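Trainee: I have a structure open and would like to go through its helix packing and its domains. May I put some questions to you?
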Amino acid sequence: MTSWDPSRYLQFSDDRSRPFLDLIARVPTHPSTIVDLGCGPGHLTQHLRARWSDAEILGVDSSPDMIARAQADNQDPRASYVAGDAATWHPDGPIDLLVSNAMFQWVDDQFTVIERLATSIADAGAFAIQVPDNAESPTHRILSDVAARPRFEQFLSGVRRLPRSGPADYLEFFATRGWSVDAWSTTYLHVLQGDNNPVFEWLSGTGARPFLQALDDDLREEYAFEVSAELQQAYPRREFGTVLPFQRTFVVAHR
């Protein structure tokens, strides 16, 4: 199982937070109970609280390190955090809002899991999801292409590549089950600062981690070096920073 580093993930917290804000801004309901599934280090809970001041909020994440960070930083008496795998986790009762930010792309057979979780949404409740839709971007192509080189292939051939799921996939899923659906796609142009290949720094906190963790120290260093070199060619630094286009899919479904 891939482990996650809260500090590295939070390195670009402002850029990573914006899609979450755009997602919850389109939720039309007024939930009393909210589950943030894949909550990470809990840094987005404050935005849920700002939007819904009276809600009970539960953050769930499969990473013990992320949950430990969320619990340590938590100053909200009506928010709590527990470890749980989205593939098997069950809520204790009906949920008014289940929100998930950049998590379901990591879940095998995600629509089966979403269908199971949807049965826990209360009447007039909502399910809000944001996932990256960049599986065909240069970042992921480079990760896969370098992984296929002879020195790395035997160790990385089994690393799961992220699927591509667009707005139409989620619209079809929820609408055919009788939900009202708002689905859309946005491409963000993140302007990353730093001279030390900020695109690789971004990836090393998320999409590159399964590849890096599958290698021993020596091969990991070689793989990182080769990926970093390719990324610098694909995403050259400009005088104002390095531009990382990032397409994301959003869906807000409500009963």
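Mentor: Please do, and bear in mind that this is a predicted model. One place to begin is the pair formed by helix α5 (residues 110-118) and helix α8 (residues 167-175), which pack with their axes 12 Å apart and at an angle of about 40 degrees.

Trainee: Which word describes how α5 and α8 lie to each other: parallel, perpendicular or oblique?
Mentor: Helices α5 and α8 are oblique to each other, because angles under 35 degrees count as roughly parallel and 65 to 115 as roughly perpendicular, with about 40 degrees in neither range.

Trainee: Is the crossing of α5 and α8 left-handed or right-handed?
Mentor: The crossing of α5 and α8 is right-handed.

Trainee: Which residues meet there, in α5 and in α8?
Mentor: From α5, the residues are Gln110, Phe111, Ile114 and Glu115, and they meet Asp169, Tyr170, Phe173 and Phe174 of α8. Five residues of this contact are nonpolar, one is polar and two are charged.

Trainee: Changing topic, into which domains is the protein divided?
Mentor: Domain 1 covers 1-132, and domain 2 is made up of 134-161 + 189-246. Their C-alpha centres are 26 Å apart.

Trainee: What does UniProt place at residues 34-120?
Mentor: The UniProt record, an unreviewed entry, has the feature "domain: Methyltransferase" there. In the model, residues 34-120 are 30% helix and 25% strand, and the C-alpha atoms at the two ends are 12 Å apart.

Trainee: Back to helices: how do α6 and α11 cross?
Mentor: Helix α6 (residues 138-147) and helix α11 (residues 217-234) cross at roughly 145 degrees, and their axes come within 10 Å. This crossing of α6 and α11 is right-handed.

Trainee: And which residues of α6 and α11 meet?
Mentor: In α6 they are Pro138, Thr139, Ile142, Leu143, Val146 and Ala147; in α11 they are Tyr223, Glu226, Val227, Glu230, Leu231 and Ala234. By class, the contact of α6 with α11 comprises nine nonpolar residues, one polar and two charged.

Key:
Residues numbered from 1 in each chain as written. Predicted model: local features only at pLDDT ≥ 70, side-chain atom pairs only at ≥ 80, totals over all residues. Heavy atoms only, no water. Axes fitted to C-alpha atoms, helices over the stretch in contact; angles between N-to-C directions. Helix = DSSP H or I, 4+ residues; strand = E, 2+ residues; numbered from the N terminus. Parallel < 35°, antiparallel > 145°, perpendicular 65-115°, else oblique. Left-handed = near helix turned anticlockwise from the far one by under 90°. Contact = heavy atoms within 4.5 Å. Nonpolar A, V, L, I, M, F, W, Y, C, P; charged D, E, K, R; others polar. Domains from an automatic or database assignment. UniProt positions renumbered as here; feature names shortened; annotations may be inferred.
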